[in-house]
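The following note is offered to a colleague who is about to examine this model. Its points are numbered and may be read beside the sequence and the structure.

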Amino acid sequence: EKYPGCLLHRTAINDVARVEHRTFICTSKKEDAGPTNNWMAPADAYDKVGRLFDGSMKGRTMYVIPYIMGPVGSPFSKVGVELTDSSYVVLNMRIMTRMGDVAWKQLGDSPDFVKGLHGKAQIDEENRYIMHFPEDKTIWSVNSGYGGNVLLGKKCFALRIASHMARQEGWMAEHMLILGIEDPEGRVEYVTGAFPSACGKTNLAMLIPPAYAKGYRVWTVGDDIAWMRPGEDGRLWAINPESGFFGVAPGTSMKSNPNALLTTRRNTIFTNVVHTEDNGVWWEGMGVPPPARGIDWKGNPWTPESPEKGANPNSRFTAPASQCPCISPEWENPAGVPISAILFGGRRARTAPLVYQSFDWNHGVFVGATMASETTAAAAHAIGVVRRDPMAMLPFCGYNMGDYFRHWLEMGERIRRKPLIFNVNWFRTDDGGKFIWPGFGDNFRVLRWILDRCDGKVDAVETPIGYVPKAEDIDLTDLEGFTLEDLRGILTIDADLWQEEIKGIEEYFAKFDHLPGELRSQLDALKKRFGI
């Protein structure tokens with residue numbers, strides 16, 4: 001009655017997140033995996049993991065999961081088949097993909113599908129491997145039962161294998177949200193955005209405009225992955241290959257993301273959250289008081305006074321996208337939606353302004369290739385350390401990242417009517433470390449300026465890093481406690497900080513063996529604009 005059609009699941013205590021150090025790209029040449037991926041020769045990987053699979057499924061039920069990534073019938077879509085011994089995987093894949101007979105029909109007589117094999121085995125973290133064979137369109141995963149490692153349609157197929165396919169076939173598989181903004185006249189423009197973790201990607205994808213923006217609506221097409229192709233009209237068109245949301249539960253509340261919370265009220269799988277006495281769920285940051293008593297994510301009795309958190313920090317909800325109150329009417333359009341702007345972003349306390357636009361496509365690729373976040377106290381690193389995550393694809397690119405940058409540059413030559421590229425930073429702080437920009441729904445004000453730039457309605461100020469808004473062009477109507485001077489402050493560019501940033505970029509680029517010369521040229525041009 002409280003959560004109809006919902007399920008609570010607990011994973012093993014040693015199995016609560018993606019395991020990047022156990023994730024491999026297995027290509028015949030090591031250089032094709034590149035310096036940012038773990039590599040193993042395919043023959044060695046098949047042998048090593050094959051031994052772990054051997055006999056591990058004896059006496060268990062085998063599930064065969066045919067599924068489609070992308071809308072049914074779309075020429076963008078791809079078919080996969082996953083074999084597994086986990087009913088949890090089946091139920092999650094049923095939400096996250098178009099699963100079942102529709103996949104066999106879409107595949108027809110074609111042998112072209114992605115082959116996935118998953119086994120729980122002993123859930124042994126010392127023998128946990130997620131192996132990707134891009135040349136064979138194959139994924140093997142063993143000794144895990146956690147979503148990101150075992151729902152092979154998600155990051156494994158939709159990003160690591162798909163990015164390799166996309167490069168060969170002339171399209172793009174990106175770790176991006178897709179949202180539509182409808183104006184009071186009913187015109188909708190679409191934006192994609194790539195953000196590292198903990199930068200509010202899902203919140204932005206499901207944003208509710210502030211009260212002043214009467215007649216505007218934000219539509220969610222996707223919250224995590226975008227597959228994009230040039231269309232016959234010269235524009236870039238995007239689909240969301242998934243059919244559900246695999247969201248982080250802690251911090252999701254009626255304040256931070258009401259649409260996500262409302263999506264989870266039925267037909268949802270909750271993983272590693274608190275089970276309440278009234279047969280509901282709770283997690284830290286849910287925005288409601290904790291239960292007096294409950295069962296924590298490890299299956300132990302829990303109270304608010306317990307020394308450990310009730311929900312795992314990476315606890316999840318798996319919910320059908322069709323249940324989202326702001327799901328776009330176009331989200332299953334086989335043709336996709338046309339993209340006007342691409343956003344990159346990260347957490348930068350002082351360096352990056354609230355928003356700026358790249359000079360052109362190639363400069364935008366440079367902006368994406370150098371995007372970074374600074375670690376916070378919540379991360380297991382020193383505070384303020386800059387971690388670069390190009391296009392938010394560092395853990396998910398299925399081939400050499402230098403070649404990935406080159407693919408972006410080449411795609412710019414194929415797209416006649418290119419989206420404009422922007423960088424956003426909601427996380428500028430004051431001297432006390434407090435965020436200056438209000439964020440959440442008020443990020444809509446920045447999105448409106450971005451679309452005004454796409455439509456040629458507003459001018460901008462040229463700076464060494466790109467085009468920055470004139471403060472008066474961002475609508476601050478009804479924004480209490482925030483002034484035009486505050487806005488000017490977070491649009492400033494500190495040349496000394498950018499000297500440090502440029503040094504960091506130079507050090508980072510030195511890691512890439514296949515770095516395109518164009519990106520070095522972009523770095524040289526940036527240095528010149530700062531007089532370095």
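1. Is E189 buried or exposed, judged by its relative accessibility? The model under review is a predicted one, and in it E189 has a relative accessibility of 9%, under the 20% limit, and therefore counts as buried. Its salt-bridge partner is R187, with 3.2 Å between the closest N and O atoms. R187, by contrast, is partly exposed, because its relative accessible area of 41% falls between the limits of 20% and 50%.

2. The pair just described belongs to a wider set, since the structure holds 30 salt bridges. Side chains of opposite charge can pair when their charged atoms come close. One of these bridges joins the side chains of R128 and D15, at 3.6 Å from N to O. The two residues come from distant parts of the chain, 113 residues apart: R128 sits in the loop between β7 (114-119) and β8 (129-133), and D15 in the loop between β1 (7-9) and β2 (23-25). R128 and D15 are both buried.

3. A further salt bridge connects K137 with D112, whose closest N and O atoms are 2.7 Å apart. K137 is found in the loop between β8 and β9 (138-142), while D112 is in the loop between α4 (101-107) and β7, so the bridge ties together parts that are 25 residues apart in sequence. The partners differ in burial class: K137 is buried, with a relative accessible area of 18%, whereas D112, at 37% relative accessibility, counts as partly exposed.

4. Salt bridges also occur as a network, which links K154, K155, K201, D224 and E242.

5. The nonpolar interior deserves separate comment. In soluble globular proteins, nonpolar side chains tend to be buried together. Here the largest nonpolar core comprises 138 residues, and those that touch the most other members are W227, F344, L354, W408, W437, I450 and L487. Helix α6 (residues 153-169) gives the most to this core, contributing eight residues. A second core, separate from that one, has twelve residues, among them M40, F53, Y129 and W140.

6. Which residues does W408 touch, once residues up to four places away in sequence are set aside? The list consists of M172, E174, M176, I342, F344, W361, V365 and M391. One of these, F344, is itself named among the core residues that touch the most other members.

7. Helices α9 (residues 361-369) and α14 (residues 517-529) have axes that come within 10 Å and cross at roughly 90°. That angle makes α9 roughly perpendicular to α14. On the α9 side the contact is made by N362, H363, V365, F366 and A369, and on the α14 side by E518, L519, Q522, L523, L526 and R529. Sorted by class, this contact has six nonpolar, three polar and two charged residues. V365 of α9 is also in the list of residues touched by W408.

8. A last point concerns A311, in the loop between β21 (301-302) and β22 (316-320). Why does A311 count as buried? Its relative accessibility is 1%, which lies under the 20% limit and therefore places A311 in the buried class. Apart from neighbours within four places in sequence, A311 is in contact with N272, V273, V274, W282, W283, E284 and W297. A311 and E284 are 27 residues apart in sequence, yet their C-alpha atoms are 6.7 Å apart in space.

How values were computed. Residues are numbered from 1 along each chain as its sequence is written. This is a predicted model: local features need pLDDT of at least 70, side-chain atom pairs count only at pLDDT 80 or more; totals for chains, interfaces and linings use all residues. Side-chain values use heavy atoms; hydrogens and water are left out. Axes are lines fitted to C-alpha atoms, for helices over the stretch in contact, and angles run from 0 to 180 degrees between N-to-C directions. Helices (H or I, at least four residues) and strands (E, at least two) are DSSP runs, numbered from the N terminus. Angles under 35 degrees count as roughly parallel, over 145 as roughly antiparallel, 65 to 115 as roughly perpendicular and the rest as oblique. Contact means heavy atoms within 4.5 Å. Ala, Val, Leu, Ile, Met, Phe, Trp, Tyr, Cys and Pro count as nonpolar, Asp, Glu, Lys and Arg as charged, and the others, Gly among them, as polar. A nonpolar core is a set of buried Ala, Val, Leu, Ile, Met, Phe, Trp, Tyr and Cys residues joined through side-chain atoms within 4.5 Å. Buried means under 20% relative accessible area, exposed over 50%, partly exposed in between (1.4 Å probe, protein chains only). A salt bridge is a side-chain nitrogen of Lys or Arg within 4 Å of a carboxyl oxygen of Asp or Glu.
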